[in-house]
Each structure stands twice: as C-alpha cells, then as structure tokens.
Amino acid sequence: MEIVSELIKSYFLSFALIFGIIIMLLENRKERPQGTDHIIVIVVVLSLIVLNKAADDLFRWTLYDDTRNYTDDAAMTLMYMRSAMEHILFPLIAYIELLLIVPVKKKYIFFLPELICIIAESVNLGKPGIIFSYDKHLDYVDGPLMLLPYFVGMIYLLLLMRYSILFIKEKEMSKGVTVIFIVFLTLAECYLEAAYIVVDVMDEIVALDVIIYYFYLVAIYQSEMKIKLRTSELELERSKRMLMLSQIQPHFMYNSLTSITYLCDKDASQAKRALIDFSKFLRKNLEAMTNKNIVPIKEELEHTQVYLSLEKIRFGDDLDIIFDVKDSDFSVPVLTVQPLVENAVKHGINRSESGCGTVCISTEETESFHKVIIKDDGGGFDVESLNNLDEGHIGISNVRKRLLDECGGELIIKSAPNEGTECTILIPKENHYENSGN
C-alpha cells in the first residue's frame, strides 16, 4: 500500500495532465482541429515515458537489492532498454511538436537528428558506455555522448524558436507567441533540472505544452469555423438573391408584352420605345445577378424609371409618378428601390378601391442618413402581416436583409388599410460604401 501511495504521489500530476488532454480530445472529437492527430501521438508517447519511469521506480522500490551483482542479469537488460527508450522518446516528442506547429514539407530531413539518436542508442545497447552504462549495482553512468539526446531535443527547440520568429514577422502573432512560450517552458525546465533545482518534471512540462497548444488550435479552429459559417451564410443569401433576381414576375412579363403587342398596331414608335425599355429592364435584372452589390442611387432610380414606364403603358392616366430627387450622392444595394416601387404599384395602386393613384419616389439627406422614400396612396395594409409572409412574398425581407448586410442600411415601413404605404430606406452616412459604387 505504501508503494502505491508513493507512485500516486510521484506521478499523479503527470497522469492527471495526460488524462486531461484525453478528455479534451474526446470532448472536441467532432471538431478535430488540424494537428489533432499529432497531439494524439504525443499523448501516446508521453504516456509511454511516464509508464517507463513508473516501472523503473516500482522496480527500485520493490525488487531492487543494492548489494546484488546485476551483471548479465535480465534486470540490467531491461534497465538499458528503459533508458534508451526514454532518451529516444523525449526528442521524438520535440520532433512531433515541430511537425505539429510548422508546415514541414521535407519531413525526412527534420527526422535526421532523431534518427541519429535512435541509431546511437541502438549501438549503445550492444556496446554500453558510448552514451550511458550501468554498473553491477544498476547505478547509471554517463558516457562520452551522454548529451546526445538533449542535443537532439535542443535542435528541435531551436527550430521551433526560429519558426516562431517567422510567424511573428508574418504577423501570425498569436501562433508565434504561443510557440515561444512552449519553448520557454521547456528550456526553463531543462535549466532547472541541470541545476538540480527542480528534477524529473519534463513529462509534466510537455503535457502542459500540449494543453497550451491544443487550446490554441481549438481557438483557431473555432474562429475559422465562424468565418466559414458566416461565409456560407453570405453565399446562401447571395444565392437566394440571385434566385429572386432571376425570377422575373411572370405576370409583369405577360402584362408588358401584352401592352407592347397592343401598341404595335396603335403606335409603332411607342411600341419601339416600350420594347427598348423592356430589354433594359431584363438586362438590368440579369446584370444584378453577377454585377456589383452596391450601385449609385442614380443608377437604381433609372432602372426604377424604366420599370414604371412599362407599367405606365398598362395603367395609363390611372398611374401618376412623381420623382423628387434632392440627394443623389450615395449608393444602395442593387435592386432595392425597384422591388419596393413594384409593391407600391402591384399591392398599393392596383388593389385600391379606385384602381388608380400616385407613386412618389423621393430622396433627401439628413445629418446622419441618406433617405429614399417610396410613398403611394393606394390600398395600404396591416404592417403586422409582414411577420407572416409566405415564400411568395419574400421581396421585402430580402431587401431589408441586403440593406443591413451590404451597407448597414434599414427599411422602415408605415402603412394602414386604405391609407396608403410609405417605405423609407435609411443609408448611414458613415458606411464605407458611400460614393463607391462597389
């Protein structure tokens, strides 16, 4: 029982840290940030090191006899193998850390120091004394190449330091600082152990290094996932917008073509102008699918005017149109004004009791905003119904979403049954799209 207590006292922190890393890996097994496989290998190697050291202590506390001659004994062979394994595994961890942190292409070149260490340790097993040896009482004796394993580990630490400086120069500050801290911890432990201030805590330091870097990997992974998710959401919104823009209302096409057909017999020149306007309208909608997101308000109003000229053919004197442009020095997301004007005609004027009315499109400037106001004196509606729009009426929500995403804008709608509708687009002056047209 006393032996078990000593083992727990000596290796509790090491196993606790390793167990903590395993829990973290299991907890984040679905995320698996890049580098997780390397960390799993390090944990396995680190566990072997701790078990190796624990086996040595258990042997010396229970079976070891300091008066016995262990020459040519199986216990001596096992001790040689145990020490060789420890000398090989610690530099191996440093090598894996290098692969984990640095995008190494020619990995076999960086493995050469570790390979030399493995060969030297293997030779030492056959001819003890080159790196280390044991006397007849199993006391450890340093050889002429005793510093070889530490020298190999130091090469990897220096390489890590070199790359961390490159990370900082390339403005990967968080990664560079993290690697420097890992190297600093390891070097500090080596110094403290060499000075006999703190002894045999290398495995705890390595485990702590792994935890620190794994937290860094998870943080970077989660940040990348947020960016990818946001990008996916924007792409989805863009796809929805492209779909909406590509779906020109069948009733509008039918009505426009019917009106143009009627004009062909009545007024050929007006039919020609209407056909030109119709082609402009179609081209603008098609361009909006692949063109810039933000356009000057003048361009948006021109497209709206083309749309209204086509509707005017059908409505005639029943539709009055007023443009009052007092501010034209700003930009808006493409096709945000025209769909609102279309709603004013289709759901406002067309559904009014008289079937006629006026649509007014105006712009003005305030201290904080550029404003676009689309007002009609049509049938109006209950604004609360906007909360229950079906898929066939996504125009308003789409405009509102694009205003917010593409220029920080806002859409305010005021309406009531039989009292007309007023839609106000607010474009903040401080948004960086202003005057850009991009």
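Angles under 35 degrees between two helix directions count as roughly parallel. Keep that cut-off at hand for the first exercise; the model you are looking at is a predicted one.

**Exercise 1. The helix pair**

Task: work out how α3 and α5 are oriented relative to each other, and find which residues make their contact.

Solution:
- Step 1. Start with the axes: those of α3 (residues 74–101) and α5 (residues 148–169) come within 8 Å and cross at roughly 15°.
- Step 2. Apply the cut-off: angles under 35 degrees qualify, and α3 and α5 are therefore roughly parallel to each other.
- Step 3. Add the handedness: the crossing of α3 past α5 is left-handed.
- Step 4. List the residues in contact: α3 contributes H87, P91, A94, Y95, E97, L98 and I101, while α5 contributes P149, V152, G153, Y156, L159, L160, Y163 and F167.
- Step 5. Sort them by class: the contact between α3 and α5 has 12 nonpolar, two polar and one charged residues.

**Exercise 2. The sheet and its helices**

Task: give the strand order of the five-stranded open sheet, then say which strands stand at the edges and why one side of each lacks a neighbour.

Solution:
- Step 1. Read across the sheet: the order is β4-β6-β7-β9-β8, with mixed pairing.
- Step 2. Look at the ends: β4 (319–325) and β8 (410–415) each have a single partner strand, so one side of each has no neighbour in the sheet.
- Step 3. Note the twist, which averages 10° from one strand to the next.
- Step 4. Zoom in on one pair: β6 (residues 357–365) and β7 (residues 369–376) are antiparallel over seven bridges, and E365 has H370 in β7 as its bridge partner.
- Step 5. Place the helices: α10 (residues 297–315) packs on the sheet and touches β4, β6 and β7, whereas α12 (residues 395–407) touches β8 and β9 (421–428).

Notes
Residues are numbered from 1 along each chain as its sequence is written. This is a predicted model: local features need pLDDT of at least 70, side-chain atom pairs count only at pLDDT 80 or more; totals for chains, interfaces and linings use all residues. Side-chain values use heavy atoms; hydrogens and water are left out. Two strands pair if DSSP finds at least two bridges between them. Helices (H or I, at least four residues) and strands (E, at least two) are DSSP runs, numbered from the N terminus. Axes are lines fitted to C-alpha atoms, for helices over the stretch in contact, and angles run from 0 to 180 degrees between N-to-C directions. Contact means heavy atoms within 4.5 Å. Angles under 35 degrees count as roughly parallel, over 145 as roughly antiparallel, 65 to 115 as roughly perpendicular and the rest as oblique. A crossing is left-handed if the near helix is turned anticlockwise from the far one by less than a right angle, and right-handed if clockwise. Ala, Val, Leu, Ile, Met, Phe, Trp, Tyr, Cys and Pro count as nonpolar, Asp, Glu, Lys and Arg as charged, and the others, Gly among them, as polar.
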